[in-house]
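The following note is offered to a colleague who will examine the model alongside the text. The points are numbered for ease of reply.

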Amino acid sequence: MKYEVGTVILSAGAGTRMNLNVPKPLAPFMGDCLVDYPLRASVAMMNTVAPSKNLIGLVTGHGRDLVENYINENYKNENISYAFQKEQLGTAHALRCYFDQIEDSKNCEYTMVLCADTPLIEEASLLHLYNELKNKGLDGVAATFSVSAPKGYGRIIRSEDKGFHIVEEKDANEQERRVQEVNSGVYVLKTSFILEHLYSIDSENKAGEFYLTDLFKDEFNVAPILFDDASSFLGVNNLEQLEKSETIMRRRIATALRVKGVRFVDARHTYINTQKIGRGSFIHPYVNIDEKSEIGENVTIEPGCIIINSKIEDGAHVKAYSHLEEVVLRNSSVVGPYARLRPGADIGPESKIGNFVEIKKSKLDRGVKVSHLSYVGDAEIGEETNIGCGFITCNYDGANKHKTVIGKKSFIGSDSQTVAPVNIGDECFVASGSTVTHDMSDGSFAISRTKQVTKENMAKRFLKSK
C-alpha cells in the first residue's frame, strides 16, 4: 500500500536525567504522557493531509514493552508499528531501525520525524513544514527557531547560496556556537531522499554517533524553516523542563478559553488541563481541573477547588476548597464550601450541597438540600428532600455496603442516621436525633430518641470548678 506521509517518533530514550521510574516517553505530562502529544499532533496533521493514507512508527528502546503496551492500549484505532533500537547510536541509527524493521515505511511519499519528548509541538507547525516542502519542491525541511542562549542545540549554518547545514554543539567551533538559530529535531523529508543518503551517514564526530542532521548539507535541496515561537519545539530532558513545558501548555489553554468567553481572576495561578469549559464560566485562582473534566456555561468555580474526571453542567456553582472526583453536577446546583464529592455522586439540578458534606456513590434529584456536616453514601434521595445537619447514612456493616433510599419532599432532621438497607417514602418526616432502622411508608413520621429526663439541681455533681 502507498502512503502519503509516514511519521516516525523517536521514543527510545531512558530519561535518566528525569530520575523517574518510567521510560522517558511515558513521563507524566498534563495528565497524560510525553509521547501522547507529538503522537496526537502527527495524527491530526496526517488526517488533514490525507486521511487513512498514513503510517505511524515508533522507534522504542528503553522500557520497550511498557511503551508499546501503553500505545497499544490507548491508540487501538491508529495504524501504528514499532521498531526496536537495541543500542542508542544516534538519530540516524534510529531511522535506519525504522526503515529496516517496518517494511511499509518505504512506501510513504514523505517521512516526518518527531521526538517523543517534545509535547508542545502543534499540528499547525507540522502542516506548515509539510506545505513548505511540497510547495517549494524540496527534498527536506528542518524546523528551526532562535534562542539567545543556544547551549545544547545543533546550530543552523546558512550558506551564501541559500544552502545550509547543521553542526552539533560538540563539533562546533567558537564562531558556530555564537549562532542563535538552532535545530528543533523536527523534520519532513521525501522518503526517497532519506533512503538515498541514510545508509552512507558515518559516525565520525566527537559523540561517535550517527547523526540524522547529516541529511542536511549545503549541496542538498533542503531548507531550514524558521519559526517565531520557540516554545513549540522545547524538549523535555529533566523535571525543570517538564514543569516549564506544562506551564506553557496551561498558558495556551487559558488563552484559548478566554477566546471562548471564559473569565479568569488570575490564570497564572490556575491549573487547568482541559479546554472543555463553556462560555461565561468564571474561574478563580488555585483551581485544579484535570484533562478529563467538562465544565458547562456560566459555571463559577471559587478558589482552591479540585475537579477530577467530572462533569459540571450549566449554571452550577462550586464554592471554595471543594474536592470533586468522578461526579456529575447538574444545572444550577451549588456545592460547598469545603465539600467533598466522591466517585459516583450525581447531584441533581438546583440542589445544594453545603460545607463539610461528603457524598459518595449517591444520586440526588432536583432541589435536594444537604446543607452541612453530613455524610451521604450509597443512597438515592428524591426531589426537594431536605437533609438536616449531621445526617449520616450508615451504609457499611463491616463486610458489605448497603443502600438508603429516601423519597421526594421528605424532611430528615438534624443528627439523624439511617442504618441501611432502608427505604423512606415520599413526604416523610424523621425527627431530629433519630436512628432509622426500619422502612417508612409514604407520609409517615419517625422518632427514635429516648424520653428526656431532667433532674433539678443535679448539674453541680458533674460540673468541675477550676
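**Notes on the predicted model**

1. In helix H4, the buried residues are Ser-125, Leu-126, Leu-127, Leu-129, Tyr-130, Glu-132 and Leu-133. Buried denotes under 20% relative accessible area, exposed over 50% and partly exposed in between, with a 1.4 Å probe and protein chains only. Helices (H or I, at least four residues) and strands (E, at least two) are DSSP runs numbered from the N terminus.

2. The model is predicted: local features need pLDDT of at least 70 and side-chain atom pairs count only at pLDDT 80 or more, whereas totals for chains, interfaces and linings use all residues. Residues are numbered from 1 along each chain as its sequence is written, and side-chain values use heavy atoms, with hydrogens and water left out.

3. H4 spans residues 123-135, 13 in number, and reaches 18 Å from its first C-alpha to its last, close to the 18 Å expected at 1.5 Å a residue. The expected span is 1.5 Å times one less than the number of residues in the helix. The buried residues of H4 pack against strands S1 (3-11), S6 (108-115), S7 (140-146), S10 (181-190) and S11 (222-226), and against H1; contact means heavy atoms within 4.5 Å. Gly-137, just after H4, takes a positive phi of about 60°.

4. Helix H7 (residues 239-260) has 22 residues and reaches 32 Å from first to last C-alpha, close to the 32 Å expected at 1.5 Å a residue. Its buried residues include Glu-246, Met-249 and Arg-252. The buried residues of H7 pack against helix H1 (36-49) and strands S2 (28-29), S12 (263-264) and S13 (271-272).

5. Both ends of H7 merit inspection. At the N-terminal end, Asn-238 acts as a cap, with a side-chain oxygen 3.1 Å from the backbone nitrogen of Glu-240. A polar contact is a pair of N or O atoms within 3.5 Å; within protein, one must be able to donate a hydrogen and the other to accept it, and residues adjacent in sequence count only if both atoms are side-chain atoms. Just after H7, Gly-261 has a positive phi of about 100°.

6. The chain contains seven helices and 38 strands. Its radius of gyration is 31 Å, well over the 23 Å that the globule rule gives for 466 residues, so the chain is more spread out than a compact globule. The radius is taken over C-alpha atoms, and the rule is 2.2 Å times the number of residues to the power 0.38. Along its principal axes, the C-alpha trace spans about 105 × 55 × 40 Å. Buried residues make up 51% of the 466.

7. An open sheet of 11 strands, with parallel pairing, runs in the order S12-S14-S17-S20-S23-S26-S28-S30-S33-S36-S38. S12 and S38 (445-446) are the edge strands, each pairing on one side only. Strands pair if DSSP finds at least two bridges between them. Two bridges join S23 (residues 334-335) to S26 (residues 352-355), and Val-334 stands opposite Lys-352 in S26.

8. Leu-364, in strand S27 (residues 358-364), is buried at 1% relative accessible area. Beyond its neighbours within four places in sequence, Leu-364 contacts residues including Ile-353, Val-370 and Ile-381.

9. Thr-393, in strand S31 (residues 392-394), is likewise buried, at 1% relative accessibility. A polar atom of the Thr-393 side chain lies 2.8 Å from the backbone nitrogen of Gly-377. Leaving aside neighbours within four places in sequence, Thr-393 has contacts with residues that include Tyr-375, Thr-404 and Thr-418.
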